[in-house]
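Work through the exercises below with the structure open. Try each task before you read its solution.

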Amino acid sequence: MEERIIIVGAGQAGGELASSLRKQGYKGRVLLLGDEAHPPYQRPPLSKGFLQGKLSLTELYLKPLATYERFDIELKTGTRVEAIDRATKEVSLGDGSRLAYDKLVLATGGRARPLNLPGLEDARLENLFSVRSISDVEAMRGRFVPGNRLVIIGGGYVGLEVAAVAVQLGLHVTLLEAAPRLLSRVTGPEVSSFIERFHRERGVEFRLSCEVRGLELDEARRQVRGVSLACQGAPERLEADLVLVGIGLIPNTELASAAGLAVDNGIVVDEYACTADPNILAIGDCANQPSAYTGGRIRLESVPNAVEHARVAAATLVGKMEPYAAIPWFWSDQYGVKLQMVGLSTGYEQCVTRGSVDGKEFSAFYLKDRRVIAADVIGRPAEFMAARRLVSSRAEVDVTRLGDAAVPLNSIAA
Amino acid sequence: MTKIKFIEADGKEHQVEAQEGQSVMQAAMDNLVPGIVAECGGFASCATCHGYVDEAWLKKLPPPDSAEEGMISCAYHVQPNSRLTCQIKVTPALDGLVVRLPVSQTSE
Ligand SMILES: Cc1cc2nc3c(=O)[nH]c(=O)nc-3n(C[C@H](O)[C@H](O)[C@H](O)COP(=O)(O)OP(=O)(O)OC[C@H]3O[C@@H](n4cnc5c(N)ncnc54)[C@H](O)[C@@H]3O)c2cc1C
Ligand code: FES
């Protein structure tokens, strides 16, 4: 019998793994199972160009269907895996059928964290959205018309990207954030205020240090009419034609935990993407892995991580064993300006900036022990690549030269 | 159909049929050409679709815009003929294009 690899989840990581296996010369069967109606697609444009109507559906697809056929990747869309039987090495599907595997890879991603407010449990609200999938965007697009009032709950990247698209399309946008500043978990105060000003100048209103108290529904309990909140303690009510919730992701780990695999903020894997079961791997947003960069464990939600993790898993599956060693990085796009982040700024001692906070271009470098551990680069792509190098080499830097925009960044390392 | 040849750093060649209007990067992705990663999906944000375009062809391509120039200037293994393949649109005039790929898109 030919060896068979089953990949659960036809997203960015699952799709990359299937291609990677073929690129690495894997000859056995590859089954890629996904519960969505679409072949693997890119999610980043969902909150950017696709919402804006600048990209078509097929432009989101990572590869045309013909590619899967040609390379003998058995892609089954609309197919949900319900359970894993580790003893018989089988998965069971939504229609009750079972499929046997030799190796199983969980690439199940995550789902949007729901708004946890009392009294909403039974309501099926037609104008309350999150953005995780194509169908989410298709559902909300019709309401992205000039003049509509959009309230966004959550000031992370997805919320900010949607805010940017929405004001450009002529909506009135108010963004609510629980923390006193935007992106507080991932960036320093300098970048938070830069981004806030950037959005304010283009018409986005903010409520920071804001607590959402409740949603006002219409009589049929199908539409949100308003959001009640308290901003720094002061109560307020905002009228809304639509509400977007962007408050993070819950990793899809239920299949793994039901099968008895360790789960701790993600499916626990080693540096080769393996769980404790030698026949089961996990990759991408759903996996919690050791990080050579932090020295601890980490679960990342980014395309670069999904792609790199898939390559590591492919190497493991063909017996090459290459540990995950990449440094986290991420990009975003707002109003056509690129934001690129590398490393994790947690625990930094000093922030050095280049460029002016009042302009359109700005970089912030986070230092610890005179070494750059992370950087946020806005509108300065050449600096981003140099910043990646500084972070990966962990070279000591001269702080005054680093802060002097006239000194080329790639000459900074001491 | 426009034929494009990708040559991996170790010399392995991949001849692909590209569709007019798609990017050279996407043509590589559709054909599972190893050596192009394309993490950002073609938005000139990652420089992991970097390729070397032969001198003669380089002259026939529109020059890089500032975003491409910025990303390419500090990519890994840059040469004077380095381009981001996601920023090159396939046209019939590119029939026979040869793109060589760097040793690695993600490290020195
Ligand atoms: C709106 C938005 C914008 C983003 N922007 C950026 C960005 O600018 N830059 C960046 O780096 N990253 C961005 N990301 C994050 C990035 O898209 C994710 O990190 C990446 O998609 C993770 O890939 P994955 O394969 O792990 O998960 P996913 O791509 O989520 O794929 C998981 C798939 O598995 C399916 N699935 C789950 N359970 C089952 C089951 N039991 N059976 C069958 N199928 C199942 C899911 O339906 C899904 O299709 C963004 C994400 C979103 C939602
Ligand atoms: S695909 Fe990212 S720069 Fe070309």
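Contact means heavy atoms within 4.5 Å. This is a predicted model, in which local features need pLDDT of at least 70, side-chain atom pairs count only at pLDDT 80 or more, and totals for chains, interfaces and linings use all residues. Residues are numbered from 1 along each chain as its sequence is written, chains are lettered from A and ligands numbered from 1 in the order in which they are written, and side-chain values use heavy atoms, with hydrogens and water left out.

**Exercise 1. Describe the overall build of chain A.**

Step 1. Take the contacts between residues at least 6 apart in sequence: in chain A, 60% of them join residues at least 24 apart.

Step 2. List the elements. Helices (H or I, at least four residues) and strands (E, at least two) are DSSP runs, numbered from the N terminus. Chain A has eleven helices and 26 strands.

Step 3. Check compactness. The radius of gyration is taken over C-alpha atoms, and the globule rule is 2.2 Å times the number of residues to the power 0.38. Chain A has a radius of 22 Å, close to the 22 Å from the rule for 414 residues, so it is as compact as a globular protein of that length.

Step 4. Judge burial. Buried means under 20% relative accessible area, exposed over 50%, partly exposed in between (1.4 Å probe, protein chains only). In chain A, 55% of the 414 residues are buried.

**Exercise 2. Trace the open sheet that contains β22(A).**

Step 1. Set the pairing rule: two strands pair if DSSP finds at least two bridges between them.

Step 2. Read the order. Five strands run β22-β23-β26-β25-β24 in chain A, paired antiparallel.

Step 3. Find the edges. β22 (329-334) and β24 (350-354) of chain A each have a single partner strand, so one side of each lacks a neighbour in the sheet.

Step 4. Inspect one pair. β22(A) and β23(A) (residues 337-343) share six bridges. Ser332(A) has Leu339(A) as its bridge partner.

**Exercise 3. Place helix α7(A) and test its length.**

Step 1. Locate the helix. α7(A) (residues 189-200) lies across β22, β23, β24, β25 and β26 of chain A.

Step 2. Test the span. The expected value is 1.5 Å times one less than the number of residues. For the twelve residues of α7(A) this gives 16 Å, and the end C-alpha atoms are 16 Å apart, which agrees.

Step 3. Pick out the buried residues. They include Val191(A), Phe194(A), Ile195(A) and Phe198(A).

Step 4. Name the cover. Among the elements over these buried residues of α7(A) are α6 (157-168) and β12 (205-207) of chain A.

Technical notes: Axes are lines fitted to C-alpha atoms, for helices over the stretch in contact, and angles run from 0 to 180 degrees between N-to-C directions.
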